Amino acid sequence: MSLFPPALLALAQQQLQAISARGEILATAESCTGGLIAALLTEIPGSSAVFTHGVVSYANAAKISLLGVDAALLAAHGAVSREVAAAMAEGVRARAGATLALATWFRSVRAVSWRHIVMMPGLCCRPVSPRAREYRSPLEGEGGGGERS
């Protein structure tokens, strides 16, 4: 029995298949989600071919020591910020040797429904390529952007 709704598992499986088809490797850096994204991905059989690393860095000290987030960046922007999420994503990507890294930010886990876990406001997914950019959830325009309280 899964902790996650079937529709969410199906969506996550589709995302992993798309990542696999592109020959990419995914790593995650989570804070307030406490490893829920990694848990979701690892419920999918064969996910280890695509998803290799997941780091939960709830405390700022963990963001610094495990992901290499600059303490000055944390002081300037706060732990719940797009800037810190981007640094978390880059840190886990570099340490895992992944081509894609996903990090999240938002103020309250209580504000997140299961449908937001994969396509979440406050999603920062950093590919390593000349066309690198930040991916934003289509839900971000619906009061998202990580500034939930």
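The mean pLDDT of the chain in this predicted model is 76, and 70% of its residues reach 70 or more. Confidence varies between the elements: helix 3 has the highest mean pLDDT, 97, whereas strand 4 (residues 123-127) has the lowest, 45. Over residues 108-149 the pLDDT is below 50. In the model this stretch nevertheless has 107 contacts beyond near neighbours in sequence.

Helix 3 spans residues 60-67 and packs against helix 5, residues 82-96. Their axes are 9 Å apart and meet at an angle of about 35°. From helix 3, the residues that make the contact are Lys63, Leu66 and Leu67. Helix 5 contributes Val84, Ala87, Met88, Gly91, Val92 and Arg95. Sorted by class, the residues of this contact comprise six nonpolar, one polar and two charged.

Three residues of helix 3 are buried, namely Ala62, Lys63 and Leu67. Viewed down the helix axis, the buried residues of helix 3 fall within an arc of 105°, so they line one face of the helix. Ala61 and Ser65, on the other side of helix 3, are exposed. The cover over the buried residues of helix 3 includes two strands, strand 1 (26-30) and strand 2 (51-56). Helix 4 and helix 5 are also among the elements that cover these residues. Two residues of helix 3, Lys63 and Leu67, thus appear both in the buried set and in the contact with helix 5. Helix 3 is followed by Gly68, which has a positive phi near 75°.

The loop between helix 4 (71-77) and helix 5 contains Ser81. Ser81 has a relative accessibility of 5% and therefore counts as buried, the cut-off being under 20%. A polar atom of the Ser81 side chain lies 3.2 Å from the backbone nitrogen of Val84. Val84 is in turn one of the helix 5 residues in contact with helix 3.

Elsewhere in the chain, Thr42 is located in helix 2, which covers residues 36-42. Leaving aside residues up to four places away in sequence, Thr42 touches Ser47 and Phe51. Thr42 and Thr52 are 10 residues apart along the chain, and their C-alpha atoms are separated by 9.7 Å. Phe51, which Thr42 touches, belongs to strand 2 (51-56), one of the elements over the buried residues of helix 3.

Methods: Residues are numbered from 1 along each chain as its sequence is written. This is a predicted model: local features need pLDDT of at least 70, side-chain atom pairs count only at pLDDT 80 or more; totals for chains, interfaces and linings use all residues. Side-chain values use heavy atoms; hydrogens and water are left out. Axes are lines fitted to C-alpha atoms, for helices over the stretch in contact, and angles run from 0 to 180 degrees between N-to-C directions. Helices (H or I, at least four residues) and strands (E, at least two) are DSSP runs, numbered from the N terminus. Contact means heavy atoms within 4.5 Å. Ala, Val, Leu, Ile, Met, Phe, Trp, Tyr, Cys and Pro count as nonpolar, Asp, Glu, Lys and Arg as charged, and the others, Gly among them, as polar. Buried means under 20% relative accessible area, exposed over 50%, partly exposed in between (1.4 Å probe, protein chains only). A polar contact is a pair of N or O atoms within 3.5 Å; within protein, one must be able to donate a hydrogen and the other to accept it, and residues adjacent in sequence count only if both atoms are side-chain atoms. The arc is that of the directions from the helix axis to the C-beta atoms. pLDDT is the predictor's confidence in each residue, from 0 to 100.
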